[in-house]
Amino acid sequence: MESKFWNEEIETMPRKQLEQLQAERLRKTVEIAMGSKFYAPKFKELGITPESIKSVEDIKRFPFTTKNDLRATYPFGIASVGLDKVVRLHSSSGTTGNPTVILHTKKDLDEWADAMARSMYCIGLRSTDIIQNTSGYGMFTGGLGIQYAAERLGALTVPAGAGNSKRHVKFITDFGTTALHCIPSYATRLAAAFEEEGINPRDTTVKTLIIGAEPHSEAQRRRIEEIWGAKAYNNFGMSEMCGPGVAIECQEQNGMHIWEDNYIVEILDPETLEPVPEGELGELVLTTLNREAMPLFRYRTRDLTRIIPGDCPCGRTHRRLDRFQGRSDDMMIIKGVNTYPIQIEKILMQFPELASDYLITIETIGDNDEMTIEAELKQATDDFAMLQNLTREITRRLKDEILLTPKVKLVGKGVIPQSDGKAKRVVDLRQNH
Amino acid sequence: MKTIKQISIFLENQQGKLGDILTALKNDNIEIQAASVADTTEFGILRLITSDQTKAAGLLSAKGHLVSLNEVMAIQVDPTTGAFADAVDALTAGGVSISYLYTFHKDGKLVLIIRPASLEKAEEVAAESGLTLVQGWE
């Protein structure tokens with residue numbers, strides 16, 4: 001009989017044994033990270049040596065790592081191995097300051113492909129499946145990360161890439177694609193493209209969707225499943241950890257199993273950085289246990305989530321993360337792109353016609369997340385064309401910066417609401433926030 | 001220069017905005033003689049000729065509206081068929097390009113409020129064509 005598991009031993013490992021494996025891998029990871037110019041001095045100062053790691057509890061002795069650390073050491077400053085061992089780099093979609101670069105050795109790529117293949121297997125995908133990837137192939141990990149994993153699984157893989165819905169429709173129809181990897185908003189857009197061709201998405205061969213990289217609600221998932229007549233599974237990855245393949249829902253669809261043989265999971269109070277009681281909301285902090293080129297210790301993801309208490313009926317012992325409830329910083333995720341209000345502010349402040357107040361509103365219009373930016377005009381003018389050009393120019397410059405096209409609205413004084421004298425910058429009206 | 005003052009007020013498309021402006025003027029006994037709105041779906045400009053432009057501009061500014069006082073040309077013609085067309089024809093023939101125009105009736109005459117690309121040029125052409133320029137009313 002076919003196994004329910006990609007790697008039964010690991011996936012169903014009793015907790016105690018799993019924690020021993022984690023401690024062992026943490027020791028190994030410390031050994032590797034002694035080669036990092038970034039970590040080595042910190043370890044020395046804190047007395048962290050491979051021999052000093054007795055259990056997974058020792059993680060509390062480690063310093064935190066933040067996205068700013070990655071920026072400050074751009075591009076190769078955190079590397080634990082020489083570049084001769086590095087075979088690939090990926091870069092984050094964020095556009096504030098330096099991008100972040102994540103390095104991979106051959107083994108890292110191998111482990112990553114295996115983890116994501118395990119995730120695919122977990123949701124019922126097999127070598128008989130035809131998996132079409134709608135993520136961009138390039139610096140974004142959703143392209144190559146899914147590709148290598150689907151190949152590892154043995155599935156026929158269609159690297160169609162981002163955009164061009166008509167082409168996706170044709171490929172799905174012609175090749176008999178059974179599974180799609182996409183961001184949730186694209187799942188609905190692609191369904192609309194089918195309807196334009198007079199095809200009901202429910203009549204296609206697609207039976208499974210892997211959705212992720214964009215926050216979405218349970219209602220949104222159910223809607224995607226309804227439109228497609230298929231199962232949609234929430235998938236979690238982040239380039240700092242490797243990419244897709246960090247955690248995924250099993251067929252119970254109740255929380256994402258995070259592969260704890262690869263990561264130490266902590267849920268901490270973002271203020272005190274102390275652990276929250278199990279089951280309570282906090283910031284997800286991750287330590288890589290199976291990476292060589294660039295291990296990261298206690299990486300602050302800024303994503304707010306909780307551990308779903310209790311055992312999962314699927315038999316996997318790796319704990320489950322609940323849907324993300326937002327961020328402990330002000331990062332906004334729109335259409336899979338990460339944006340910070342400060343990036344928008346920086347652009348607006350380049351226009352002498354604008355005063356300092358602005359308001360970013362994000363809402364779901366139809367199937368898409370749309371961003372509206374209200375910017376306060378400094379003074380009136382009788383020049384109508386100037387205001388139109390100004391709106392266009394602001395839109396263009398913002399698009400260059402944040403890679404999304406916002407709707408720009410000029411407003412007069414006092415229109416932007418003030419709370420406690422301090423301007424509110426972001427209003428997120430999406431139902432999952 | 002023979003011009004009159006016009007008030008231009010920035011209008012964000014927000015319910016009640018126009019009402020606020022008109023009520024403020026009414027409460028201060030300022031008479032609106034002519035009004036014109038240019039708009040897109042996102043914003044508009046309300047242009048007004050009132051009985052007291054300086055007072056109106058000050059009042060609306062104080063209420064937090066974005067207001068600009070600017071110069072436009074006012075041509076007075078007889079309210080007869082064709083007079084409007086003749087005036088515009090004369091300006092066009094003289095090479096004046098018109099950004100926008102609106103009209104109102106006052107003291108039995110038709111007044112054309114015109115924002116030309118160049119006020120100097122328009123004034124010159126208007127004078128040559130024998131058009132009557134208004135510099136304000138008492």
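## Reading domains and their contacts

33 Å separate the C-alpha centres of domain 1 and domain 2 of chain A.

Me: Hi! Before we look at domains, what pTM and ipTM does the predictor give the complex?

Reply: Good place to start, since this is a predicted model. The complex has a pTM of 0.73 and an ipTM of 0.80. For chain B, the mean pLDDT is 92, with 99% of its residues at 70 or more.

Me: Which residues make up the domains of chain A?

Reply: Domain bounds come from an automatic or database assignment. In chain A, residues 8–329 form domain 1, and residues 337–428 form domain 2.

Me: And where do the domains of chain B fall?

Reply: Domain 1 of chain B covers 4–71, while domain 2 of chain B covers 72–134. Their C-alpha centres are 23 Å apart.

Me: How many residues does each domain of chain B bring to the contact?

Reply: To read a contact, use a cut-off: C-beta atoms, placed from the backbone, within 7 Å. Here, domain 1 of chain B gives nine residues and domain 2 of chain B gives nine residues.

Me: Which strands supply the side of domain 1 of chain B that touches domain 2 of chain B?

Reply: At least two residues each come from β1 (4–12), β2 (32–39) and β4 (67–77) of chain B. The largest share of that side is from β2(B), with four residues.

Me: What classes of residue does that side of domain 1 of chain B have?

Reply: Sort them by class and you find four nonpolar, four polar and one charged on the side that touches domain 2 of chain B.

Definitions and conventions:
Residues are numbered from 1 along each chain as its sequence is written. Chains are lettered from A and ligands numbered from 1 in the order in which they are written. This is a predicted model: local features need pLDDT of at least 70, side-chain atom pairs count only at pLDDT 80 or more; totals for chains, interfaces and linings use all residues. pLDDT is the predictor's confidence in each residue, from 0 to 100. Two residues are in contact if their C-beta atoms, placed from the backbone, lie within 7 Å. Ala, Val, Leu, Ile, Met, Phe, Trp, Tyr, Cys and Pro count as nonpolar, Asp, Glu, Lys and Arg as charged, and the others, Gly among them, as polar.
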